[in-house]
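The following exercises concern a single protein chain and are to be solved from its sequence and coordinates. Each task is followed by a worked solution in steps.

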Amino acid sequence: MSAVSENPSKNALIAKWWPVLALVALTVLATGSTFRPYPVYGHSAGMDAARLFEMHRAVENGDYYARWWPDLYWGYGSPLPTMYAPLGYLVAEAFNVVFLRGTALKLSFALAVLVAAIGMFLLVRRRTGPEAAFAAATLYVLAPYFLAEIYVRSALAELWGFALIPWVIYFLFHHLDEKGCARCLAGAAISYGLLGIAHNVSALIYSPLLVLFILMVYPRKWWWRGALVLAVGLALSAFFWLPALGLKGAVQSEASLTTGYFSFEKHFIPFAELFIPRWGYGPPGSGPGGMSRQLGGIHWLIVIAGAMALSRWKDLEGRRQYMPFFVFFLVGFVFTQPLSYAFWQYVPLLKFVQFPWRFLMAATFGATVLAGVLFEQQRERFGEKPMKAAAVLMTIVAIGAYSGYAKAHFLLVDLSTGQMVEVSADEVEAKAADPRFVTFDEFLTVENVRRAGITGTASDDFLPVGVKTKPTGPPSRTFEIVEGSMGVNGREKGYNNYEALIMASTPGKLALQVFDFPGWRVEMDGEPIPTQTHPEFGTVVFDVPAGKHIATARYTRAPIHTAGDVVSLLGVLATLALLSGRVMRRRDDGA
């Protein structure tokens, strides 16, 4: 009697918790090979580590959201934290409080994978069973381009963009399912706001697609609700994107990000390459050893079968809800191809995406959700049990087809040359035992970052426009005399804080040896004074009258930083209003 009565509760417990355990296991499968005591290699791995190093140094010095990092560019500094989306590094910094830097970065990657898997599971689960939803989550986080973000590109910011888009769509759908749930709109706005601080390019790619989704799925009388989600999400993330956009003209981003190697024209995907199941760790388009730009064989089969299923599906509501994902795939596919050249050339800001193959994000996302069409439609035809078996089979096939790509290479620094070295998993222990090699974490000190001229970017993306001649080494002194006769005793007083004791025989000019950028404040004898930009080196220059003076300089915030903070505060208030339901009640009462 007791055994019989216990079985239902045990089955219910298993049904409740197996998806959670399975999603955690899936995350381990996708990221497990990274968790060895060495930094993971990737095209951007060195930049990720340097960015986290700078962020941690700022936090240690009480600057919990720095807008200027002083050690980059040989110690002349960089506005990189003002210009580049911070979410992945903020997550890593939270882990860095407890763990070493390399482990903290790996945990940020792993958490992004888990967030992506849960988001895709919830999105597909709303119309299918948990087995089908788990199959979709598996297809998503083991998709070739998704794994390339981890193991080949080390694209932490972009991976977080991948992770958050399912959540935006999930909450938008949930608002429909719950007949106007205000908290669901708040969830969508928060998810979209996080997307805005996760990755500049991901937000640029997904925002128009989200507008299209709202227009296709929401009834016209509810379009304002979708617009409200996007507006509140933009407000929440304004503390980042408003200064980044407003100060775009103060850096050399357009020249650095859109020309030469980074010109979009050089990075369209040859059509056949979308189907070739090869894997490599080199630059994309560099031959058999280069980064894979395939969509994935299983994903192609899902797209074809899903398109056929959509065209024949008699459930008009189901077709309306799934059609946007075919459009996501189609847009993603088209923009990887040369036939989209005119869009790349003439659509504003699109050239800042740089690489057409980045649209594999949208294609992968759309193709994965289309798996839900197959399970839902065929369930009506064959019943529940056969489709559960089919979902399990698809999960197994996806793991077999894609999990072999989840193999980490590692990053060491050769002290004899100062160069970063890619090392395979089989070689890393022997190399690490050689005293000529250290991990990149060990290499990163303030002195080494400045001496090596680490920039934190692939090019001079965020080099201030005033810099005409780049320095070739650290400055020999903190302040440099530009004009006049004076004695100067300068020092770096603290984090982004400098001081000079000056004895000037004649009026003259003095240059603080950091790059000029909006936000620098210089005071002479306690009074603010205007500054200029050095015409060649782009450093902070100020006038010095004759006599004895104390000059101080520190990086504060430009007015646009403050404006972004204020808009984000308004976004927080709007989100709280959504969570309370007041906005919805007032709007609907007035309708």
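**Exercise 1.** In which helix is Ala-30 found? Establish its burial and its contacts.

Solution. The model is predicted, so local features require pLDDT of at least 70 and side-chain atom pairs count only at pLDDT 80 or more, whereas totals for chains, interfaces and linings use all residues. Residues are numbered from 1 along each chain as its sequence is written, and side-chain values use heavy atoms, with hydrogens and water left out.

Step 1: Ala-30 belongs to helix H1, residues 2-31. Helices (H or I, at least four residues) and strands (E, at least two) are DSSP runs numbered from the N terminus.

Step 2: the relative accessible area of Ala-30 is 0%, so this residue is buried. Buried means under 20% relative accessible area, exposed over 50% and partly exposed in between, for a 1.4 Å probe and protein chains only.

Step 3: neighbours within four places in sequence are set aside; Ala-30 then contacts Val-113, Val-141, Leu-142, Leu-147, Ile-150, Tyr-151 and Ala-406. Contact means heavy atoms within 4.5 Å.

**Exercise 2.** Describe helix H6 and its packing against H18.

Solution. Step 1: H6 covers residues 101-125, and its 25 residues reach 36 Å from first C-alpha to last, close to the 36 Å expected at 1.5 Å a residue. The expected span is 1.5 Å times one less than the number of residues.

Step 2: because 18 of its 25 residues are buried, H6 is largely enclosed by the rest of the structure.

Step 3: H6 packs on helix H18 (residues 360-382) at about 40°, the axes lying 9 Å apart. That angle makes H6 oblique to H18. Axes are lines fitted to C-alpha atoms, for helices over the stretch in contact, and angles run from 0 to 180 degrees between N-to-C directions. Angles under 35 degrees count as roughly parallel, over 145 as roughly antiparallel, 65 to 115 as roughly perpendicular and the rest as oblique.

Step 4: Met-120, Leu-123 and Val-124 of H6 meet Phe-365, Thr-368, Val-369 and Gly-372 of H18.

**Exercise 3.** How are H9 and H10 oriented to each other?

Solution. Step 1: the axes of H9 (residues 156-177) and H10 (residues 182-198) come within 8 Å and cross at roughly 165°.

Step 2: the two helices are therefore roughly antiparallel.

Step 3: the residues of H9 that meet H10 include Trp-160, Leu-164 and Phe-171.

**Exercise 4.** Determine the strand order of the sheet that contains S3, and locate Thr-439.

Solution. Step 1: the open sheet has three strands in the order S2-S1-S3, paired antiparallel. Two strands pair if DSSP finds at least two bridges between them.

Step 2: S2 (419-423) and S3 are at the edges with a single partner strand each, so one side of each has no neighbour in the sheet. The twist averages 45° from one strand to the next.

Step 3: S1 (residues 410-414) pairs with S2 over five bridges, and Leu-411 stands opposite Glu-422.

Step 4: Thr-439 lies in S3, residues 437-439. Its 13% relative accessibility makes Thr-439 buried. Beyond neighbours within four places in sequence, the contacts of Thr-439 include Leu-411 and Leu-412.

**Exercise 5.** Which strands pair with S6?

Solution. Step 1: S5 (residues 486-494) pairs antiparallel with S6 (residues 497-504) over eight bridges, and Glu-492 stands opposite Tyr-498.

Step 2: the hairpin of S5 and S6 has two residues between the strands, and Asn-496 takes a positive phi near 55°.

Step 3: S6 is also joined by eight bridges to antiparallel S12 (residues 547-555), with Leu-501 opposite Ile-550.
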